[in-house]
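Please look through the sequence and the model before reading my points. They take up the cavities, the nonpolar core and one buried residue.

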Amino acid sequence: GDLWLLVLGELVGAGLERRGGARDHAMLSLERAALSSFPSSLSPSSLWVSCFDNVVWRLLEGLTAEGSALEAQRTLEHDSSDHGGIEKSQMRAWLLACTLLLKHLPTLAALPEFKDIWLRFLQLTEKLMKGARSSLAVDCVPQQLSDIVAVVEEVDELRQDKQLWASTWHLLDRIAPSLRASRSSPSAAAAAKP
C-alpha cells in the first residue's frame, strides 16, 4: 500500500502541472488507479487517510489554488480563456474524489476517520464552487452531490449520526442552497430543525 501511495503521490505532482497534456495524462492514470483493485487493498485505516490526504485532497487543493492564480491572471489581462483546461482538470479531480467515496463507501464508513474525510470532501467542494466560472461545475456538482448524499444516507453506521448530518447540511446549504429543498430525506429534515 505504501509503495502505491508514493506512486500516486508522484502522479499528483504531474496532475498539478501547468502543461495541459502532462496534467491530462496524470489525471487519466489517477482515474484508472481509482477504478482498479488498488484502493481495495488499503488497510489499515491509516492508509486510507493517507490516500485522501496525500493524493485526493492534495490534488483538489492544488488545482483549486492553480485555478485561483489563473483567475487572478485572467482578470489582470482581461482574458476569459481557461488556460490549459484547469477547470476541466478541477472537475476531473473532484469526480475522482466522488468515485473513491462511492466505490469504497462501505469500507470508508466503517473507519473512525470517515467523518473527517466526508467533511473535508464537502469543504473542498465548497472551495471549488466558489471559484467556478463555467457552467461545468455549477451544473454538475449539485446533482452529483444529491446522488452522493442519497447513498451516504443509506449507510447504517451514518444514518443516525445527528452531528454528522448537521455539519453536512451546514456545508451543503453553502455549496448548493437548493439541494435541501429537493431532498425529502430524514437527514435534511432533521438538520433543518433548530
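1. In what follows, Ala, Val, Leu, Ile, Met, Phe, Trp, Tyr, Cys and Pro count as nonpolar, Asp, Glu, Lys and Arg as charged, and the others, Gly among them, as polar. This is a predicted model, in which local features need pLDDT of at least 70 and side-chain atom pairs count only at pLDDT 80 or more, while totals for chains, interfaces and linings use all residues. Residues are numbered from 1 along each chain as its sequence is written, and side-chain values use heavy atoms, with hydrogens and water left out.

2. A search of the whole structure finds 2 cavities of 30 Å³ or more (a cavity is a set of points, on a 1 Å grid over the protein atoms alone, where a 1.4 Å probe fits but cannot get out, and its lining residues have an atom within 4 Å of a point). The second largest has a volume of about 50 Å³, a volume being the space filled by probe spheres set on the points, which are joined across faces, edges and corners. Its lining divides into 4 nonpolar, 3 polar and 2 charged residues, including Glu 87, Met 91 and Arg 133.

3. Of the 55 residues in the largest nonpolar core, Trp 118 and Phe 121 touch the most other members (such a core joins buried Ala, Val, Leu, Ile, Met, Phe, Trp, Tyr and Cys residues through side-chain atoms within 4.5 Å). The largest share of this core, 10 residues, comes from helix 3 (helices are DSSP runs of H or I, at least four residues, numbered from the N terminus).

4. Arg 92 lies in helix 4 and, at 18% relative accessibility, counts as buried, because buried means under 20% relative accessible area with a 1.4 Å probe, protein chains only.

Technical notes:
On a 1 Å grid over the protein atoms alone, a cavity is a set of points where a 1.4 Å probe fits but cannot get out, and a pocket is an open set with protein on both sides within 12 Å along at least five of seven lines; lining residues have an atom within 4 Å of a point. Buried means under 20% relative accessible area, exposed over 50%, partly exposed in between (1.4 Å probe, protein chains only). Helices (H or I, at least four residues) and strands (E, at least two) are DSSP runs, numbered from the N terminus.
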